[in-house]
Amino acid sequence: MALALALARRGLGNVAPNPAVGCVIVQGSIIVGRGWTQPGGRPHAETQALAQAGAAARGATAYVTLEPCAHQGATPPCAVALAQAGIVRVVSATTDPDPRVSGRGHALLRAAGVEVLENLLEAEARALNAGFLLRVTEGRPWLTLKLAVTLDGRIATADGASRWITGPEARRAVHLMRGQHDAVMVGIGTALADDPNLTARDLGLAWQPIRIIVDSQARLSADSALARTAAEVPVWICHSAPAQPMPGLRLIRCAATTAGQVDLADALQRLGTAGLTRIFCEGGAGLAAGLLSTGLVDEVVCISAGRFFGAGGTPSVAEIGGVVLPSAPDFHLVEHRRLGDDVLHHWLHAK
């Protein structure tokens, strides 16, 4: 199952709206087939593993990181395929909460005479597919907030300079994290100030995350790097005010707050409806504050560099109104490691 989970991770960032699943088929003590969800969500992991195993699947055990599907979609149900291939035992890590599956996959297998064991390495499997699970149960994607900050919590100097706070090792790690998410999100302030590309570079990836701009007035310039490259890598604009169509860009009209800004909870629901399961938010300070204040941040990746910009620098998070200590956004540390001269801290929301 640990191998199946490792295979499943290969699908992160390129299988939405489907989950990233891994499957390993074992005959005796020999692995005869393995697979993972392919780009775009098809073929499924089980289909890949069965094709590799061929006739050796008969009498074998399949280890699958998520309950095999039981509904007819673009391909036949994986539970049926496993039973028809002669698999005699299926070990799954966790149940699929999708109402079209949700126990039906396991039931279908048992009805076909296949032994089913559930919940092996369940916590690891649920963490891997947290975005898919959240989209199914709450309608929104998992949101990772990334902060690259000085030791005093600044993301830019007093004159707005921000490139580069962290070193090359940290920047490469960020590109990898972008590639493991369905989309990268920034606020319009960051888009206008930095004119970023927001792509995952220098990793040889065959896919790119969708680029999302939270832009209440739809002010992104047609001359921006994002707009100029929208034909190659999609750009979506979450806006709240009426906007004219922008060539090559997808406009997503969202509800507005009383201040006329994009209602972030509504925006994430709309992005979930559009099929996204994992979003990597890279700020800026206002967007970070808005997401934190509404409880929409599921994890934080903070990379700190050994620099100080002082009180005149831009803070990583803008003011969050009404914060009192007992109810302040609370996260617990799950990982820390060195990236060159910088330090990465990984935090999960304390729910």
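Which residues does methionine 185 touch, not counting residues up to four places away in sequence? In this predicted model, the list for methionine 185 runs through Leu143, Ile212, Val214, Leu268, Leu271, Ile279, Phe280, Cys281, Glu282, Gly283 and Leu287.

**The largest core and its neighbour**

That list makes a handy way into the interior. The largest nonpolar core has 30 residues, and the members touching the most others are Met185, Ile212, Leu271 and Ile279. Several helices and strands each supply at least two residues of this core, and here they are with their ranges.

| Element | Residues |
|---|---|
| Strand E6 | 142–150 |
| Strand E8 | 183–187 |
| Strand E9 | 210–214 |
| Strand E10 | 235–239 |
| Helix H10 | 264–273 |
| Strand E12 | 278–281 |
| Helix H11 | 285–293 |
| Strand E13 | 299–305 |

Another core lies apart from this one; it has 22 residues, including Val32, Ala60, Ala62 and Phe132. As background, nonpolar side chains in soluble globular proteins tend to be buried together.

**An open sheet**

Let us turn to the strands with lower numbers. Five of them form an open sheet with mixed pairing, in the order E2-E1-E3-E4-E5. At its edges sit strand E2 (30–36) and strand E5 (115–117), each of which pairs on one side only. From one strand to the next, the twist averages 15 degrees.

Inside this order, strand E3 (residues 61–64) and strand E4 (residues 89–92) run parallel and are joined by four bridges. One pairing to look up on screen is valine 64, whose bridge partner in E4 is serine 92. A helix belongs in this picture too: helix H2 (residues 45–53) lies across strand E1 (22–27), E2 and E3, and runs at about 145 degrees to E2.

**The chain as a whole**

Stepping back, the chain has 11 helices and 16 strands. Its C-alpha atoms fill a box of roughly 70 × 45 × 40 Å along the principal axes. How does the radius of gyration fit a compact globule? For 351 residues such a globule would have a value near 20 Å, and the chain has 22 Å, which agrees.

Of the 351 residues, 50% count as buried. Among contacts in the chain with a separation of 6 or more, residues 24 or more positions apart account for 70%. The accessible surface of the chain comes to about 15700 Å², and carbon and sulfur atoms hold 54% of that surface.

Terms used
Residues are numbered from 1 along each chain as its sequence is written. This is a predicted model: local features need pLDDT of at least 70, side-chain atom pairs count only at pLDDT 80 or more; totals for chains, interfaces and linings use all residues. Side-chain values use heavy atoms; hydrogens and water are left out. A nonpolar core is a set of buried Ala, Val, Leu, Ile, Met, Phe, Trp, Tyr and Cys residues joined through side-chain atoms within 4.5 Å. Buried means under 20% relative accessible area, exposed over 50%, partly exposed in between (1.4 Å probe, protein chains only). Contact means heavy atoms within 4.5 Å. Two strands pair if DSSP finds at least two bridges between them. Axes are lines fitted to C-alpha atoms, for helices over the stretch in contact, and angles run from 0 to 180 degrees between N-to-C directions. The radius of gyration is taken over C-alpha atoms; the globule rule is 2.2 Å times the number of residues to the power 0.38. Accessible areas come from the Shrake-Rupley method with a 1.4 Å probe; for residues, only the protein chains shown count as cover.
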